[in-house]
Amino acid sequence: MKVLPFTIPVPHDKTIIVQKDVLPHFYPHLHRHQEIQIMWIQQGEGTLIADNNMHRFRSNEIYWLGANQPHLFKSEASYFQPKSKKKVIATAIFFNPSGQLASFFDLPEINLLKRFLQQHSNGFKIPQENVAEVINKILLIKKSTGVSQMLHFIDLLKSIALIPSLLPLSMSTQPQNYSENEGQRISNIYNFIMQEYEKPITLEDAANKAHMTPHAFCRYFKKHTRHTFLSFLNEVRINEACKKLTNSNNETIANVAYSCGFNSITNFNRVFKRITTQSPSEYIERYFNNNEGK
């Protein structure tokens with residue numbers, strides 16, 4: 001299976017690809033493609049990995065992923081249960097500014113949009129206050145063809161380019177040039193950590209998964225992710241803890257800590273505050289205060 005790079009099937013008569021997926025879960029492997037991707041999550045929740053950063057995603061959110069930006073929408077574990085009836089629904093727009101659209105983006109009148117694409121190669125999330133407007137424009141593109149579709153596409157880009165203060169999904173300064181073998185190896189490591197995070201996995205476990213010595217694995221992992229193995233594992237665990245603390249199941253902080261792979265509450269609290277800048281109780285209080293009435 002190809003993981004990195006990933007090929008988007010492009011019809012010969014299309015430069016803008018609109019794809020709607022209704023699936024049991026999202027594609028479960030780290031991958032990248034030449035096309036910029038605008039991803040509207042209509043239904044589903046989980047963790048987005050973009051380059052070396054993690055973000056929680058939920059239904060009715062929209063993400064912009066840069067060309068060749070490694071990413072993975074990891075559905076919640078419940079989607080993978082054998083008897084799960086859950087499904088994800090998403091509409092994505094793919095376009096390659098360096099492909100057939102290259103001459104279009106070289107037009108002087110389109111210079112503003114070209115600069116916008118160059119400045120946001122690390123992707124971003126559409127602010128919630130702009131989501132409804134962007135959804136309407138995505139639907140217009142989906143329903144139209146030919147010249148009308150292209151005009152709606154330009155209008156969508158123009159609207160997004162006018163949104164102020166877009167925060168990047170990743171702080172990576174340059175794309176990683178993975179070979180396919182490297183992409184497969186990194187994907188396997190990521191998947192192993194994200195599937196086993198609640199267990200007491202060790203550096204040796206991860207190194208064995210990558211068929212490397214622990215010393216070689218440490219250098220390799222840091223080079224490709226800008227994380228140490230432990231810092232990445234802790235971010236995965238805290239990301240999962242944040243979801244559990246706010247999913248209204250009334251789990252105690254202690255239960256969440258142990259279920260996410262921490263062997264002491266003290267260590268959990270320390271790592272949680274270092275990553276989120278808040279204690280678990282402060283995080284819960286702020287989350288529910290911010291979401292009251294929504």
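Student: Hey, which strand does β3 pair with, and in what sense?

Tutor: β3, residues 46-50, pairs with β4, residues 53-57, in the antiparallel sense over 5 bridges. Keep in mind that this is a predicted model.

Student: Okay, so which residue stands opposite isoleucine 49?

Tutor: That's methionine 54, over in β4.

Student: And how many residues are between β3 and β4?

Tutor: There are 2 residues between them, and the two strands form a hairpin. Have a look at aspartate 51 in the turn, with its positive phi of about 55 degrees.

Student: Switching topic: what's the strand order in the open sheet?

Tutor: The order is β1-β7-β2-β5-β8, so to speak a row of 5 strands, with antiparallel pairing. β1 and β8 are the edge strands, since each pairs on one side only.

Student: What holds strands like that together in general?

Tutor: Strands of a sheet pair through backbone hydrogen bonds.

Student: How many bridges does β5 have with β2, and how many with β8?

Tutor: β2, residues 36-43, pairs with β5 over 5 bridges. On to β8: 2 bridges join β5, residues 61-65, to that strand. Both pairings are antiparallel.

Student: Which residues face each other there?

Tutor: Tryptophan 40 stands opposite isoleucine 62 in β5, and tyrosine 63 stands opposite lysine 125 in β8.

Student: Is β5 buried or exposed?

Tutor: Buried: 5 of its 5 residues are, so β5 is largely enclosed by the rest of the structure.

Student: Which way do the side chains of β5 point?

Tutor: Glu61, Tyr63 and Leu65 point one way, while Ile62 and Trp64 point the other way. That fits a general pattern: in a regular strand the side chains alternate between the two faces of the sheet.

Student: Now phenylalanine 94. Where is it, and is it buried or exposed?

Tutor: Phenylalanine 94 is in strand β7, residues 88-95. It counts as buried because its relative accessible area is 4%, and the cut-off for buried is under 20%.

Student: How far is phenylalanine 94 from glutamine 19?

Tutor: In sequence they're 75 residues apart, but in space it's 8.1 Å from C-alpha to C-alpha.

Student: Last one: which residues form the positive surface patch?

Tutor: Lys20, Lys87, Lys142 and Lys143 form it. Lysine 20 is in strand β1, residues 16-23.

Student: Why does lysine 20 count as partly exposed?

Tutor: Because its relative accessibility is 46%, and partly exposed covers the range between under 20% for buried and over 50% for exposed.

Note on methods. Residues are numbered from 1 along each chain as its sequence is written. This is a predicted model: local features need pLDDT of at least 70, side-chain atom pairs count only at pLDDT 80 or more; totals for chains, interfaces and linings use all residues. Side-chain values use heavy atoms; hydrogens and water are left out. Patches are made of residues with over 30% relative accessible area and no salt bridge: like charges are joined within 9 Å, nonpolar side chains (Val, Leu, Ile, Met, Phe, Trp, Tyr) within 5 Å. Accessible areas come from the Shrake-Rupley method with a 1.4 Å probe; for residues, only the protein chains shown count as cover. A salt bridge is a side-chain nitrogen of Lys or Arg within 4 Å of a carboxyl oxygen of Asp or Glu. Lys and Arg count as positive and Asp and Glu as negative; His and the chain ends are not counted. The place of a charge is taken as NZ of Lys, CZ of Arg, CG of Asp or CD of Glu. Helices (H or I, at least four residues) and strands (E, at least two) are DSSP runs, numbered from the N terminus. Buried means under 20% relative accessible area, exposed over 50%, partly exposed in between (1.4 Å probe, protein chains only). Two strands pair if DSSP finds at least two bridges between them.
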